[in-house]
Amino acid sequence: QVQLVESGGGLVQTGGSLRLSCTASGRTFSSYTMGWFRQAPGKEREFVARIMWSTRGTYYADSVKGRFTISGDNAKNTVYLQMNSLRPEDTAVYYCAARSNYKNNYDDWGQGTQVTVSS
């Protein structure tokens, strides 16, 4: 049973920073890609960033490029999302997800962590 557990959300002022963590368990993730998504109230869930465990290759949505950084710690099976220069429009529930590198869809999801940026 795969488990993804997010933490690190909270309330921060505009311009502030937060670091989200996602700890994975239940399988070996070496051939997986880990992603962060977010969903704001009344909006569809959107992609934020992803990292491939094996190559550490990363990719970001244009809306967060230059402000957010995704990274991973193999020893801890944990993926991080460092969020800097936060804006009110970054307010959302942030979800961690995992997909096999042989698939297009993310099959495993965490429960989400709330990030609120006040203006």
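**Exercises on a four-stranded sheet and its disulfide**

In this predicted model, Thr69 stands opposite Gln82 in strand 8. The exercises below start from that pair and work outward.

**Exercise 1.** Determine which strand pairs with strand 8 over residues 68–73, and in which sense.

*Solution.* Begin with the residue range: residues 68–73 make up strand 7, and this strand pairs with strand 8 in the antiparallel sense over six bridges. Next, consider the connection, where the hairpin of strand 7 and strand 8 has four residues between the strands, and Asn77 takes a positive phi near 50 degrees.

**Exercise 2.** Identify the bridge partners in strand 8 of Leu20 and of Ser21, and state how many bridges join strand 3 to strand 8.

*Solution.* Take the residues in turn: Leu20 has Leu81 as its bridge partner, while Ser21 is partnered by Tyr80. For the strands as a whole, strand 3 and strand 8 run antiparallel and are joined by six bridges.

**Exercise 3.** Place these strands in their sheet by giving the strand order, and name the edge strands.

*Solution.* The sheet is open and consists of four strands in the order 1-3-8-7, with antiparallel pairing. Its edge strands are strand 1, covering residues 3–7, and strand 7, each of which pairs on one side only. From one strand to the next, the twist averages 15 degrees.

**Exercise 4.** Decide whether strand 8 is largely enclosed or largely open, and justify the choice from its residues.

*Solution.* Strand 8 spans residues 78–83, and the step that matters is to ask how many of these six residues fall under the cut-off of 20% relative accessible area that defines a buried residue. Five of the six are buried, so strand 8 is largely enclosed by the rest of the structure.

**Exercise 5.** Find which residues the disulfide joins, describe its geometry, and explain what the link ties together.

*Solution.* A search of the whole structure finds one disulfide, and this bond joins Cys22 to Cys96 with an S to S distance of 2.0 Å. The link of Cys22 and Cys96 is left-handed, with -70 degrees about the S-S bond. Now locate the two cysteines: Cys22 belongs to strand 3 (residues 18–25) and Cys96 to strand 9 (residues 92–100), so the pair ties together parts that are 74 residues apart in sequence. As a last step, check accessibility: Cys22 counts as buried because its relative accessibility is 0%, and Cys96, with a relative accessible area of 0%, is buried as well.

How values were computed. Residues are numbered from 1 along each chain as its sequence is written. This is a predicted model: local features need pLDDT of at least 70, side-chain atom pairs count only at pLDDT 80 or more; totals for chains, interfaces and linings use all residues. Side-chain values use heavy atoms; hydrogens and water are left out. A disulfide is a pair of cysteine sulfur atoms within 2.5 Å. Buried means under 20% relative accessible area, exposed over 50%, partly exposed in between (1.4 Å probe, protein chains only). Two strands pair if DSSP finds at least two bridges between them. Axes are lines fitted to C-alpha atoms, for helices over the stretch in contact, and angles run from 0 to 180 degrees between N-to-C directions.
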